[in-house]
Amino acid sequence: APGWWTLLGIIQNETIFGVEGGIAGPPPDLDLALTGIPEPNSGYGLGIENIVIGVKNQGTITQSNFEARYRVNGDAWVTEIIADSLELDELIDYTFNEPYDFSEPIDYFIEAEVMLEGDEFPENNYADKYIMGPTPGLCYYSITMWDDYGDGWNGGFVQIFGDGVEY
């Protein structure tokens, strides 16, 4: 069974440090890892957005036709089969075929998993992410004040734009 390697050191006979590395020895046969949820991201104007996950094969056996799933705010899981073939240490970004509607001005909690029968390290199969929705009641306006004299605003006129529309 593989163990863990650690980088140990000493600096000028005063500071001893250790940095935990990773698994030492041969890689496992079966190990898919979810590396994160790169999309979607927080932002103004979210709508129907794709869910993208990073998947890496950390096992020696090539993997294909495995399940991946996501859910938002505890709703039902959306499960799909990833048909791509992943060799050892190969990483892909997978976009789910079923997007999610993020248009409500609330915060969202996204969870995702990859599932592989017999995975030797299931603790790396899960990731989650918060998406911050726009705060209700905030107005996103820009104001341009025109000055005919160049010495500050002297009561000229004001243009107000909201969502690209002049008011």
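**Aromatic pairs and strand pairing**

At a relative accessibility of 58%, Tyr 130 lies over the 50% cut-off and therefore counts as exposed. This value, like those that follow, comes from a predicted model. Phe 109, in turn, has a relative accessibility of 21% and so counts as partly exposed, since the buried class ends at 20%. Tyr 108 falls under that limit: its relative accessibility is 2%, so this residue is buried.

These three residues lead naturally to the ring contacts. With ring centres required to lie within 6.5 Å of each other, the count comes to six aromatic pairs. One of them joins Tyr 100 and Tyr 108, and because the planes stand at 80°, with centres 6.3 Å apart, the pair is edge-to-face. Another is formed by Phe 109 and Tyr 130, whose centres are 4.8 Å apart; with 45° between the planes, this pair is tilted. Phe 109 belongs to strand β10 (residues 108-115) and Tyr 130 to strand β11 (residues 126-131), so this contact links distant parts of the chain, 21 residues apart. Elsewhere, Tyr 70, Tyr 94 and Phe 96 are linked by ring pairs into a cluster.

Tyr 70 also helps to introduce strand β6 (residues 66-72), where it shares the covered face with Phe 66, Ala 68 and Val 72. The uncovered face of β6 carries Glu 67, Arg 69 and Arg 71. Of these, Arg 69 lies over the face of Trp 77, at 4.0 Å from the ring centre, and has Thr 79 of β7 as its bridge partner. Arg 71, for its part, is bridged to Glu 111 in β10.

Both bridge partners reflect the strand pairing around β6. Strand β7 (residues 78-82) runs antiparallel to β6 and is joined to it by five bridges. The two strands form a hairpin with five residues between them, and in the turn Asn 73 has a positive phi of about 55°. Strand β10 is likewise antiparallel to β6, with six bridges between the two. In general, strands of a sheet pair through backbone hydrogen bonds, in a parallel or an antiparallel sense.

A further arrangement is an open sheet of three strands, ordered β3-β5-β8 and paired antiparallel. Strands β3 (32-39) and β8 (91-95) are its edges, each pairing on one side only. From one strand to the next, the twist averages 25°. Within this sheet, β3 and β5 (residues 52-57) are antiparallel and connected by five bridges, with Leu 32 standing opposite Asn 57 of β5.

Notes:
Residues numbered from 1 in each chain as written. Predicted model: local features only at pLDDT ≥ 70, side-chain atom pairs only at ≥ 80, totals over all residues. Heavy atoms only, no water. Phe/Tyr/Trp six-rings, centres within 6.5 Å; stacked < 30°, edge-to-face > 60°. Buried < 20%, exposed > 50% of the residue type's maximum accessible area, 1.4 Å probe, protein only. Helix = DSSP H or I, 4+ residues; strand = E, 2+ residues; numbered from the N terminus. Lys NZ or Arg CZ within 6 Å of the ring centre and 35° of its normal. Pairing = 2+ DSSP bridges. Axes fitted to C-alpha atoms, helices over the stretch in contact; angles between N-to-C directions.
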